[in-house]
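Here is a guided walk through a protein chain, from its inside outwards to a few curious backbone spots. Keep the view open beside the text and turn it as you read.

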Amino acid sequence: FAPFTLGVEAFNATVLGRPPYWSRQGEIAQAVENFRTVLAPTGNGVGKTFLAAGIILWHLYTHRDSLVVFTAQTFSQLDNVLGRELRQAHARARQPLPGRLTRDPIRLSVGPSWQAVGYSTTKTERLSGFHAQHVLALIDEGSGVKPQIWEVLDSLNPSKLVVFGNPLQSSGPFYERCQRPGPTTAVIQVSSLESPDIEQPRSRWGLADRGWLQQVANDYGVDSLWWTTHVEGRFPDASAESVLSRAWLDRAAEVPHVRSGPTRTARSEERRVGKECRSRW
C-alpha cells in the first residue's frame, strides 16, 4: 500500500468521500497540517467527532508506518461515539482502505508497525511501549482527561497532538495549555452559534440548529455556566465544582497575610468545643 499525499480536507473528499468540512472544521483541519499541537475547545454540535475520525484516518493513511493513538474518558464514549464514526468512515470510504478495524481495544492495523489504537483513559498505560517516527495523539473531551494521561501521551513524543472538547473546567492541562500556547500550538475556539445549520429548524447532519438552541436556552438560560461551556465553547470563570470565582482566589493569594489575634486551627477548635460539650453534660 502506497500512502496518499493529500491534505486533511482533500483526503476527506477524495478518499473518504464524505461531505466537505464546514469553515471552522476546515480551519482546524488546516491547523493540523501546519502545527504540531492543535487545541480545539468547542461548543456542542459543531462536528468535532466527524472531524476527529477524518483526522485519524488521514494521518494513518498518509504516513507510512505511522502510529495513531486516541483516547477518551470511558470506553463507552470512545467506542460508541468516536469509534462508531471511525468505523463508518473506514467502511464507506470511496477508495478501499487496507486494514481490519477491531474493538476492545479499538485497533486498525495496516501493517505490523502501522496502526491506529484507541484506549479509554483507564487503560492508557498500555501505550507506554509504542514508538514511531510519525505519531498522532488525539484526545476527545480534553477537559475530563487527568494530568497523568497527558503525561503518558507526551511520553510518546507525538509529532501531532490534537485535542477536542467542551471547555468544562478552568483548571487542568487542557485549560492551562489553551491559556499559554507555545509557538507550535494553535488554539481554535468554536462556538455552537457558528454552526452552519444554526438557523435551520433541524440539522440533517446533527449540527447545532435553531430547535436545539431554543431548547437549551429555555432549560439552562443564556447566562448559565452550561451555556458558556456547551454553547459558546468558552472556559468558565469558575469550574462547575467551584464555589468561589478563580479570579477571587487569585486576588486573595496576592494579598500579604498580616498576623493579628490568637492563632486557631481546626484541631484546636475541635478540642475546645468538645471540652465545652463534656462540661455541660
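**A walk through the predicted model**

Let us begin in a loop: Glu-141 sits in the stretch between strand 6 and helix 5 (147-155). What you have in front of you is a predicted model, and this loop residue has a backbone detail worth a look. Glu-141 is not a glycine, and yet its phi is positive, at about 60°. Is its side chain buried or exposed? With a relative accessibility of 17%, Glu-141 counts as buried, because the cut-off for that class is under 20%. Glu-141 is also one of the residues touched by Phe-164, and that contact takes us to the interior.

Phe-164 belongs to the largest nonpolar core, which has 44 residues. Together with Ile-28, Phe-70 and Leu-138, Phe-164 touches the most other members of this core. The element that gives the most to the core is helix 3 (residues 48-62), which supplies ten residues. If you centre your view on Phe-164 and leave aside residues up to four places away in sequence, you will find it in contact with Ile-28, Ala-40, Leu-51, Ala-52, Ile-55, Leu-138, Ile-139 and Phe-174, among others. Lys-48, Asp-140 and Gly-142 are also among its contacts. A separate core of 19 residues lies apart from the one around Phe-164; Leu-39, Val-69, Val-145 and Leu-156 are among its members.

Now move to the strands. Strand 6 (residues 135-139) is mostly covered, with five of its five residues buried. Which residues lie on each side of strand 6? Val-135, Ala-137 and Ile-139 are on one face, Leu-136 and Leu-138 are on the other, and all of them are buried. Strand 6 has parallel pairings with two strands that you can trace. With strand 2 (residues 67-72), strand 6 shares five bridges in the parallel sense, and Val-69 stands opposite Ala-137 there. With strand 7, strand 6 shares four bridges, again in the parallel sense. In that pairing, Ile-139 has Val-163 of strand 7 as its bridge partner.

Helix 2 (residues 23-34) is a good place to check the geometry yourself. How far should its twelve residues reach at 1.5 Å a residue? The expected span is 16 Å, and the C-alpha atoms at the two ends are 17 Å apart, so the two values agree. The buried residues of this helix are Arg-24, Gln-25, Gly-26, Ile-28, Ala-29, Ala-31 and Val-32. They pack against helix 1 (8-16), strand 1 (37-41), helix 3, strand 7 (160-165) and strand 8 (185-187). Ile-28 appears in this list of buried residues, and we met it earlier among the residues that touch the most other core members.

Aromatic rings come next. Searching the whole structure turns up nine aromatic pairs. One of them joins Phe-1 and Trp-114, with ring centres 5.8 Å apart and planes at 50°, so the pair is tilted. Phe-1 lies in the segment before helix 1 and Trp-114 lies in strand 5 (residues 114-120), so their pairing ties together parts 113 residues apart in sequence. Phe-1, at 40% relative accessibility, counts as partly exposed, whereas Trp-114, at 5%, counts as buried. A second pair, Tyr-21 with Phe-50, is edge-to-face, with 5.9 Å from centre to centre and 85° between the planes. This pair also links distant parts of the chain: Tyr-21 is in the loop between helix 1 and helix 2, while Phe-50 is in helix 3, 29 residues apart. Tyr-21 and Phe-50 are both buried. Phe-50 has a charged neighbour too, since Arg-18 lies over the face of its ring, 3.7 Å from the ring centre. Back at Phe-1, you can find one aromatic cluster made up of Phe-1, Phe-4, Phe-11, Tyr-61 and Trp-114.

Two acidic residues round off the tour. Asp-79 is part of helix 4 (residues 75-91) and, at 5% relative accessibility, counts as buried. Which residues does Asp-79 touch, not counting those up to four places away in sequence? Its contacts are Arg-84, Arg-87, Arg-103 and Ile-106. Asp-65, in the loop between helix 3 and strand 2, brings us back to the theme of our starting point: its phi is positive, near 55°, and it is a residue other than glycine. At 38% relative accessibility, Asp-65 counts as partly exposed, whereas Glu-141 counts as buried.

Definitions and conventions. Residues are numbered from 1 along each chain as its sequence is written. This is a predicted model: local features need pLDDT of at least 70, side-chain atom pairs count only at pLDDT 80 or more; totals for chains, interfaces and linings use all residues. Side-chain values use heavy atoms; hydrogens and water are left out. A nonpolar core is a set of buried Ala, Val, Leu, Ile, Met, Phe, Trp, Tyr and Cys residues joined through side-chain atoms within 4.5 Å. Buried means under 20% relative accessible area, exposed over 50%, partly exposed in between (1.4 Å probe, protein chains only). Contact means heavy atoms within 4.5 Å. The expected span of a helix is 1.5 Å times one less than its number of residues. Rings of Phe, Tyr and Trp (its six-membered ring) pair if their centres lie within 6.5 Å; planes under 30 degrees apart count as stacked, over 60 as edge-to-face and the rest as tilted. A charge sits over a ring if NZ of Lys or CZ of Arg is within 6 Å of the ring centre and within 35 degrees of the ring normal. Two strands pair if DSSP finds at least two bridges between them.
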